[in-house]
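Student: I am new to this structure and would like a close look at a single part of it. Could you take me slowly through the loops, please?

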Amino acid sequence: VNEKLYQVSALHKELPNDILNFLEQGEKAMTLLKSCEKTLIENPESIQSVEDYQLLAPVPKPTSCRDGYAFRQHVATARRNRGLGMIPEFDQYPIFYFTNHNAIFGPGEISLMPDHFRQLDFELEVAIVIGKKGRNIRAEEADQYIAGYTIMNDLSARTLQMEEMLLNLGPAKGKDFATTIGPWLVTREELENYRTTTKENHTGAQYNMSMTCSVNGVQVSNGNMNQMDWTFAEIIERASYG
């Protein structure tokens with residue numbers, strides 16, 4: 001809050017001191033935290049400056065990590081760069097692949113192998129973190145399963161990726177070495193003022209939120225969450241099937 005950090009576990013004996021246990025408790029922990037929020041902010045003993053800490057990924061060891069195709073423009077551009085037309089199946093259902101949930105990084109340096117630097121690339125993305133257990137979740141209800149949102153950079157070794165996907169399997173080694181997220185996990189309630197109209201024939205919340213990415217201080221990418229064609233609710237419905 002206002003560039004200050006607060007020790008959540010000091011608020012209440014039932015609040016865990018790590019994010020995974022917090023998320024596993026679902027709405028119980030989130031509701032308890034919200035009830036203590038005013039006490040937290042008004043207690044000067046709990047305040048720490050962000051500058052005194054090294055921030056990690058907000059969810060450093062997720063139990064699963066998936067990367068979906070949500071932006072039509074991104075898919076069309078990627079296919080055009082390979083000399084291919086837009087694929088009509090994009091509009092049938094949202095697809096995703098499993099990336100390496102044990103290779104999650106936050107702010108700071110990342111160590112790579114030499115082959116990763118052969119056309120090293122990234123994609124500026126927004127990610128959700130699921131906050132309660134569910135199965136066969138309907139899109140109409142799926143937003144209630146989202147604990148928060150964060151920025152995600154999907155790092156790619158394009159030469160490795162193109163080589164392995166000639167066999168129509170993957171991506172694997174071209175993608176499994178690093179995914180960066182963070183530095184913040186922002187709750188749904190904090191984004192409510194940015195809510196916008198959902199695209200026609202789609203279900204779920206959409207937000208008017210600008211996204212930018214800079215490399216060494218130079219902006220190289222930008223976008224907006226309102227350009228998502230598939231909503232997170234629809235992606236959750238697909239991912240939770242079965």
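Tutor: Happy to! To place a loop we need its neighbours: helices (H or I, at least four residues) and strands (E, at least two) are DSSP runs, numbered from the N terminus. This is a predicted model, in which local features need pLDDT of at least 70 and side-chain atom pairs count only at pLDDT 80 or more, while totals for chains, interfaces and linings use all residues. Residue numbers start from 1 along each chain as its sequence is written, and side-chain values use heavy atoms, with hydrogens and water left out.

Let's begin with the loop that joins α5 (158-164) to β8, where you will find Pro171. The peptide bond leading from Gly170 into Pro171 is cis, and its omega is near 5°. Asn168 belongs to this loop between α5 and β8 as well. Although Asn168 is not a glycine, its phi is positive, at about 60°. Asn168 also counts as exposed, because its relative accessible area is 72%; here buried means under 20% relative accessible area, exposed over 50%, and partly exposed in between (1.4 Å probe, protein chains only).

Now move along the chain to the loop between β8 and β9, which holds Pro183. The bond from Gly182 to Pro183 is a cis peptide bond with omega near 5°. Glu192 sits in the loop that runs from β8 (179-181) to β9 (195-196). With a relative accessibility of 42%, Glu192 is classed as partly exposed. Look across from Glu192 to Tyr207: they are 15 residues apart in sequence, and their C-alpha atoms are 8.2 Å apart in space.

Next, step back to the loop between β5 (104-105) and β6 (120-130), where Gln119 lies. Gln119 is not a glycine, yet it has a positive phi of about 60°. Its relative accessible area is 47%, so Gln119 is partly exposed.

One more loop is worth a visit, the stretch between α3 (72-81) and β4 (96-98), which contains Glu89. Glu89 has a relative accessible area of 37% and is therefore partly exposed. Try locating Val50 from here: Glu89 and Val50 are 39 residues apart in sequence, with 45 Å between their C-alpha atoms.

To fix the picture in your mind, return to the loop between α5 and β8 and find Asn168, then Pro171. After that, follow the chain to Pro183 in the loop between β8 and β9.
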